[in-house]
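Dear colleague,

I am passing on the structure below, and I would be grateful if you could look through it before we next speak. My notes on what was found in it follow underneath.

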Amino acid sequence: AAPEAAEGAAVVSEYGFSVQLPQAWFELNREYLAQIIEGYGEGLAKANGIDESLLDQLAAANTSLYYSPDMSANFNVVRELAGDVTMDNFASLESTYQQALSRTQGITAFKLSGPVSINGNSYYVGTFTAQAGLEQQQYFCVANGYIYTLTLTNVSDSDAELIMNTFKIL
């Protein structure tokens with residue numbers, strides 16, 4: 001069996017969810033941006049695309065972004081208005097998602113499965129390969145008039161299990 005992930009900080013987001021971060025993971029926010037620049041220098045932070053403009057983009061897109069301590073793995077949560085989308089009709093949008101992801105992000109081999117139930121939430125799961133060959137998984141949940149999309153990039157199985165088993169829509 002995989003080692004169980006040790007728990008880190010509990011997060012309650014302004015976007016209507018809570019999640020338990022794996023040990024030493026952190027949310028990318030202004031406070032951490034200052035620490036990263038202080039610890040690694042502005043050059044390295046900018047080279048990794050981490051600067052004020054990233055924080056502004058995240059806020060504009062109702063996105064929360066969390067990193068592993070060495071920044072080799074991350075996950076984000078995006079909340080967007082669901083409009084007419086429900087868990088009942090979500091699967092019919094697969095080809096729309098495929099086209100959009102392929103066009104905007106160079107994503108290939110997108111496959112949607114589900115719904116699956118994790119910790120009382122029902123999710124559709126998308127798996128795909130991103131531009132840099134990074135394996136990514138996305139979990140889509142429609143609740144409270146929003147679509148919540150969780151994207152996990154290079155996250156270990158044990159960390160992914162902790163994240164998904166503690167993610168709650170409030």
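To begin with helix 5, seven of its 10 residues are buried, so this helix is largely enclosed by the rest of the structure. The buried positions in helix 5 are Ser 158, Asp 159, Ala 160, Leu 162, Ile 163, Met 164 and Thr 166. Please keep in mind throughout that this is a predicted model.

The sheet on which this helix lies comes next. Three strands make up an open sheet, in the order 1-2-10, and their pairing is antiparallel. Strand 1 (7-12) and strand 10 (168-169) stand at its edges and have a single partner strand each, so that one side of each is left without a neighbour in the sheet. Helix 5, which spans residues 157-166, packs on this sheet and touches strand 1, strand 2 and strand 10, while its direction makes about 160° with that of strand 2. Between strand 2 (residues 17-22) and strand 10, which run antiparallel, there are two bridges, and Phe 17 stands opposite Ile 169 of strand 10.

A further set of pairings involves strand 5. Strand 4 and strand 5 are paired in the antiparallel sense over five bridges, with Thr 63 standing opposite Val 78 of strand 5. Strand 5 also pairs with strand 9 (residues 146-153), again in the antiparallel sense, over eight bridges, and here the bridge partner of Arg 79 is Tyr 148 in strand 9.

Some details of the backbone may also deserve your attention when you go through the coordinates. Met 71 is not a glycine, yet it has a positive phi of about 65°; this residue lies in the loop between strand 4 (63-67) and strand 5 (74-81), and the hairpin formed by these two strands has six residues between them. With a relative accessible area of 24%, Met 71 is partly exposed, since the range for that class runs from 20% to 50%. Ala 24 likewise combines a positive phi, of about 70°, with not being a glycine, and its place is in the loop between strand 2 and strand 3 (26-27). Ala 24 too is partly exposed, its relative accessible area being 48%.

Finally, which peptide bond is cis? The bond in question runs from Gly 114 to Pro 115, with omega near 5°, and Pro 115 is placed in strand 6 (residues 108-118).

With best regards

Note on methods:
Residues are numbered from 1 along each chain as its sequence is written. This is a predicted model: local features need pLDDT of at least 70, side-chain atom pairs count only at pLDDT 80 or more; totals for chains, interfaces and linings use all residues. Side-chain values use heavy atoms; hydrogens and water are left out. Two strands pair if DSSP finds at least two bridges between them. Helices (H or I, at least four residues) and strands (E, at least two) are DSSP runs, numbered from the N terminus. Contact means heavy atoms within 4.5 Å. Axes are lines fitted to C-alpha atoms, for helices over the stretch in contact, and angles run from 0 to 180 degrees between N-to-C directions. Buried means under 20% relative accessible area, exposed over 50%, partly exposed in between (1.4 Å probe, protein chains only).
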